[in-house]
Amino acid sequence: MKDHFDGDTAEDRKARKLIDAERKAVLFDAAMEEAKQIPQRLDQVKRLEAKVEALTKAVERPVQIDARLKQPAKPKVGMKRPDLLKCVTAGVVAEFLRRTKQTPTEDTLKALMPDDTDRLSRSVAKGMMVNKSATDPATTTAVGWAAELVMSDVLGFWSKMAPISILGELIDRSLINSLEFGDNRSLTVPSRGANNEGAMKPAWIAEGATIPVVQGALGSLTLYRHKLAAISAFSNELANTSIPNIATVAERFILDDMSVALDEKFLSEDSPLVGVMPGGIRDVANLREITPTNDPVIDLRNMVMTMTRYRARRPLIVCDTNTYLKLQYHVLDGQFVFKAELEGNGTVMGIPLVHSANAPADDLTIMDGNSVFALLGIPEIDLSSTVTLAMADATAAAPTMDANQDGAVNDGEAIHVSDAAGTTPPTDVRSMFQSNSTAIRTVLDGASWNLMHPDAVRSLATNGWT
């Protein structure tokens, strides 16, 4: 290749040679400079290779990972409204086992009410019975949040008594007027006078005419607190049985006998005893009896008609179980007359019917529930393993606390430990501590009822029904 062009002068060719030489010198210097940096770059490459190798080993090496995941939050479980019947029973059992076997109360309450939704019920039971000092009696009315809850649910408690108590069923079905004493010793209930309906009826008035003045008769009814109480002694060996069995015994003691006493007095023909007990709503001084025809259909019709003439606002019928069965299986023209209605609606001739073994035998009572006012409280339960008792009840057999057999115990009839030996026959005295027993006392302070109008009740003998 030529290093010159045609027409170039010698000076041009010389200049190009000088430029080429200068360019080569620059390239040579650059190449030498690059050559000087090769060792340094080789070191960098080696370091990079070492890092890559280390990272490769780290990735390939098996690694154990402990993954700890946070547990998802559990939804809060709601709480059931306390069943005061169960709370009272559970509290009694917990206190009994604490005294006899030193079983922690929390363990007993947990065994009787084990669900998470029973947390409030367990607290109420504990507050009602066992959150007291060793010397003070444990009662359901001690000041505290549990007491307030108990006293605010009196009607709920007695509604739970419906299966075994006439009064409980009447309250549960709202067939009578249910009130609460609270802290009062008596309550006065105002009402219209008997047969006064329509006395204040307004008149149709022409424009500009004088508006007539009407006047009604008012009455009132005062109810007083009465006390129903009993003590029972249980051998401490009862604590060796299962907790549910103890609970059953305690519940029966608290409720069964008390319901019998209440129902029998409520439907009795007894007159009231001032300061001691209420009279029965079938008080013989006011009771009007319907003459039976011994035909259930005619007798019931006559009873219903008496309530219609009385203008009863809430008529209801109460009878004993035997009378109920006579009605249920009464046959006319080959058909059960009342069976379908009784089993379907619990009514007879459209009127609610309540039956119980506690009702007077072979008798049917019809009343205006609007005229019946009843007040009940919550039983107070005390337990003691150190008391000494005069072992006398209120039955007819001597020695007895009820000398007049009127269903009540006056102070003059009471038998004390100090005079027990002087009764005829002598009253047995027993120490709970010495006999390894526990006394359970139930007191219902606040039981009362009365009729706004004494003629709001009728009675019919059913012993002639077949």
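Let's start with one residue: Trp158 is buried, with a relative accessible area of 1%. This is a predicted model, so keep that in mind throughout. Trp158 belongs to helix α6, residues 154-159.

What does Trp158 contact, leaving aside its neighbours within four places in sequence? The list is Gly168, Ile171, Leu262, Leu376, Gly377 and Leu444. Take Leu376 from that list. Trp158 and Leu376 sit 218 residues apart in sequence. Their C-alpha atoms are 8.0 Å apart in space.

Two of the other contacts point us onward. Leu262 touches Trp158, and helix α8 covers residues 243-266. Leu444 touches Trp158 too, and strand β16 covers residues 437-445. So much for the tryptophan; on to the sheet.

The sheet is open and has 3 strands. Its order is β4-β16-β13, and the pairing is antiparallel. Which strands stand at the edges? They are β4, residues 227-235, and β13, residues 380-384. Each has a single partner strand, so one side of each is left without a neighbour in the sheet. From one strand to the next, the twist averages 15 degrees.

Now the pairing of β4 with β16. The two strands run antiparallel, and 9 bridges join them. One pair to look at: Ser232 has Ile440 in β16 as its bridge partner. As a reminder, strands of a sheet pair through backbone hydrogen bonds, either parallel or antiparallel.

Next, the helices on this sheet. Helix α2, residues 84-101, lies across β4, β13 and β16. Its direction is at about 10 degrees to β13. Helix α8 also lies across β4, β13 and β16. For α8, the angle to β4 is about 145 degrees.

How do α2 and α8 meet? Their axes come within 9 Å and cross at roughly 120 degrees. That makes α2 oblique to α8. The crossing is right-handed.

Here is who takes part. From α2 we have Leu85, Val88, Thr89, Val92, Val93, Phe96 and Leu97. From α8 we have Ile243, Ile246, Ala247, Ala250, Glu251, Ile254 and Leu255. How do the residues of this contact divide? There are 12 nonpolar, 1 polar and 1 charged.

Let's zoom in on Ala247, in helix α8. Is Ala247 buried or exposed? Ala247 counts as buried, because its relative accessibility is 12% and the cut-off for buried is under 20%. Not counting residues up to four places away in sequence, Ala247 touches Thr89, Val93 and Leu112. Thr89 and Val93 are in the α2 part of the contact with α8. Then there is Val88: Ala247 and Val88 are 159 residues apart in sequence. From C-alpha to C-alpha, Ala247 and Val88 are 10.0 Å apart.

Leu112 takes us to helix α3, residues 105-112. α2 and α3 pack at an angle of about 140 degrees. Their axes are 9 Å apart. α2 and α3 are therefore oblique to each other. This crossing is right-handed. On the α2 side, the contact uses Ala90, Gly91, Val93, Ala94, Leu97 and Arg98. On the α3 side, it uses Thr105, Thr108, Leu109 and Leu112. The split here is 6 nonpolar, 3 polar and 1 charged.

Note Val93. Val93 is in the contact of α2 with α8. Val93 is also in the contact of α2 with α3. Leu97 is listed in the α8 contact and in the α3 contact.

Two more strands before I stop. First, β12, residues 372-375. Both faces of β12 are covered. Val372 and Ala374 are buried on one side, Phe373 and Leu375 on the other. Strand β1, residues 177-179, runs parallel to β12, with 3 bridges. There, Asn177 stands opposite Phe373. Strand β17, residues 448-451, runs antiparallel to β12, with 4 bridges. In β17, Phe373 has Asn450 as its bridge partner.

Second, β18, residues 457-461. How many of its 5 residues are buried? The number is 4, and β18 is mostly covered. Strand β5, residues 288-289, joins β18 through 2 bridges, running parallel. Glu289 stands opposite Ser459. Strand β11, residues 363-368, joins β18 through 5 bridges, running antiparallel. Here Leu364 faces Leu460 as its opposite.

That's the tour.

Note on methods. Residues are numbered from 1 along each chain as its sequence is written. This is a predicted model: local features need pLDDT of at least 70, side-chain atom pairs count only at pLDDT 80 or more; totals for chains, interfaces and linings use all residues. Side-chain values use heavy atoms; hydrogens and water are left out. Two strands pair if DSSP finds at least two bridges between them. Axes are lines fitted to C-alpha atoms, for helices over the stretch in contact, and angles run from 0 to 180 degrees between N-to-C directions. Contact means heavy atoms within 4.5 Å. Angles under 35 degrees count as roughly parallel, over 145 as roughly antiparallel, 65 to 115 as roughly perpendicular and the rest as oblique. A crossing is left-handed if the near helix is turned anticlockwise from the far one by less than a right angle, and right-handed if clockwise. Ala, Val, Leu, Ile, Met, Phe, Trp, Tyr, Cys and Pro count as nonpolar, Asp, Glu, Lys and Arg as charged, and the others, Gly among them, as polar. Buried means under 20% relative accessible area, exposed over 50%, partly exposed in between (1.4 Å probe, protein chains only).
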